[in-house]
Amino acid sequence: MLLGAVSVSLISFAQEKISIVPSVGYAWRVAETPSGLSREEKDYIKGLKSGVHFDISAYYNLRAVSVGLKFSNYSASSNGWISGYDSNGYIVTVPVSTKDNITFFGPAIMYSNYADSTKHKLFFDVALGVISYTSKTGTVKGTGSNLGLDAGFGYQYALSKNFMIGPKLGVTAGTLNKMKLNGTTVEFGKDTKEGLTRVSLSAAATFRF
């Protein structure tokens with residue numbers, strides 16, 4: 001009986017201390033499209049400016065405030081046509097296929113009312129860490145990373161004491177000043193930096209242990 005009582009107490013304690021929050025949805029990059037592009041080039045770039053968003057966080061709960069780690073990922077791909085000039089000065093149009101991937105990882109803090117008795121839950125989280133970008137077009141692979149920020153606000157309904165689900169609005173922000181293209185570092189000018197900022201709309205679940 002004593003062992004049973006201790007086990008129940010430990011389980012009850014653990015249920016109030018750990019929160020795992022995964023979410024999946026769609027995201028839109030907000031950087032401006034360069035001017036002077038053809039309709040085909042604009043359509044090609046448009047395909048890379050929206051894609052699948054996924055993130056997962058793990059928190060240690062200190063009642064209303066929780067501390068932990070957050071990871072997020074964005075992926076998009078696009079096929080299209082781009083125009084350029086050959087060695088003789090003639091305009092040529094070639095097919096292109098690009099796959100983009102943006103990841104974020106860093107320490108996070110979350111405020112929530114998970115510990116309250118209401119079934120209507122609200123949470124806000126913010127993380128500061130490293131944002132990384134990988135883009136592959138044909139045989140050309142570009143990579144880069146910088147300091148980034150990830151934040152989200154969500155509403156969830158508690159289906160049980162240990163499980164909540166609902167919508168979440170998020171933003172992931174970052175800018176690259178330089179990238180490596182097939183291993184060669186390329187510095188960006190003031191007006192040509194690679195903007196990685198995106199907004200996302202997701203379905204978020206919370207598991208409390």
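At 22% relative accessibility, Glu194 is partly exposed in this predicted model. Its side chain forms a salt bridge with that of Arg29, with N and O atoms 2.9 Å apart. Arg29 is part of strand E1, which covers residues 18-29, while Glu194 belongs to strand E11, residues 194-195, so the bridge ties together parts that lie 165 residues apart in sequence. In contrast to its partner, Arg29 counts as buried, because its relative accessibility is 11% and the limit for a buried residue is under 20%.

The surroundings of Arg29 were examined further. Leaving aside residues up to four places away in sequence, Arg29 touches Leu48, Lys49, Tyr74, Asp100, Ile102, Tyr133, Glu194, Gly195, Leu196, Thr197 and Arg198. The separation of Arg29 from Ser200 was also computed: the two residues are 171 positions apart in sequence, yet their C-alpha atoms are 8.8 Å apart in space.

Salt bridges were then counted over the protein, and the total is 7. In general, side chains of opposite charge can pair when their charged atoms come close. One of these bridges joins Asp125 and Lys70, whose closest N and O atoms are 3.1 Å apart. Asp125 lies in strand E5 (residues 120-137) and Lys70 in strand E3 (residues 65-85), so this pair connects parts of the protein that are 55 residues apart in sequence. Both partners are buried: the relative accessibility is 3% for Asp125 and 0% for Lys70. Salt bridges with shared partners also link Arg29, Asp100 and Glu194 into one network.

Another salt bridge is formed by the side chains of Glu40 and Arg39, with an N to O distance of 3.6 Å. Glu40 has a relative accessibility of 39% and counts as partly exposed. Arg39, at 58%, counts as exposed, because the limit for that class is over 50%.

The secondary structure of the protein consists of 2 helices and 12 strands. Along the sequence these elements follow the pattern α-β-α-β-β-β-β-β-β-β-β-β-β-β. Contacts between residues with a separation of 6 or more were also analysed, and 65% of them involve residues 24 or more positions apart.

The overall dimensions were computed from the C-alpha atoms. Along the principal axes, these atoms fill a box of roughly 90 × 30 × 30 Å. The radius of gyration of the protein is 22 Å, whereas a compact globule of 209 residues would have a value near 17 Å. Of the 209 residues, 34% are buried. The accessible surface of the protein amounts to about 12,100 Å², and carbon and sulfur atoms contribute 65% of this area. With regard to charge, the protein has 21 positive and 14 negative charges, and the mean positions of the two sets are 8 Å apart.

Several loop residues were also considered. Gly89 is found in the loop between E3 and strand E4 (91-112). The relative accessible area of Gly89 is 45%, which means that this residue is partly exposed. Between Gly89 and Lys180 the separation is 91 residues in sequence and 28 Å in space, taken from C-alpha to C-alpha.

Backbone angles were inspected in the loops as well. Most residues other than glycine have a negative phi. Arg63, which is not a glycine, has a positive phi near 60°. Arg63 is located in the loop between strand E2 (50-62) and E3, and at 59% relative accessibility this residue counts as exposed. Asn182 likewise is not a glycine and has a positive phi, of about 50°. The position of Asn182 is in the loop between strand E9 (178-181) and strand E10 (184-187).

How values were computed: Residues numbered from 1 in each chain as written. Predicted model: local features only at pLDDT ≥ 70, side-chain atom pairs only at ≥ 80, totals over all residues. Heavy atoms only, no water. Salt bridge = Lys/Arg side-chain N within 4 Å of Asp/Glu carboxyl O. Helix = DSSP H or I, 4+ residues; strand = E, 2+ residues; numbered from the N terminus. Buried < 20%, exposed > 50% of the residue type's maximum accessible area, 1.4 Å probe, protein only. Rg over C-alpha atoms; globule rule 2.2 N^0.38 Å. Contact = heavy atoms within 4.5 Å. Areas by Shrake-Rupley, 256 points an atom, 1.4 Å probe, with all protein chains shown as cover. Lys, Arg positive; Asp, Glu negative; His and termini not counted. Charge placed at Lys NZ, Arg CZ, Asp CG, Glu CD.
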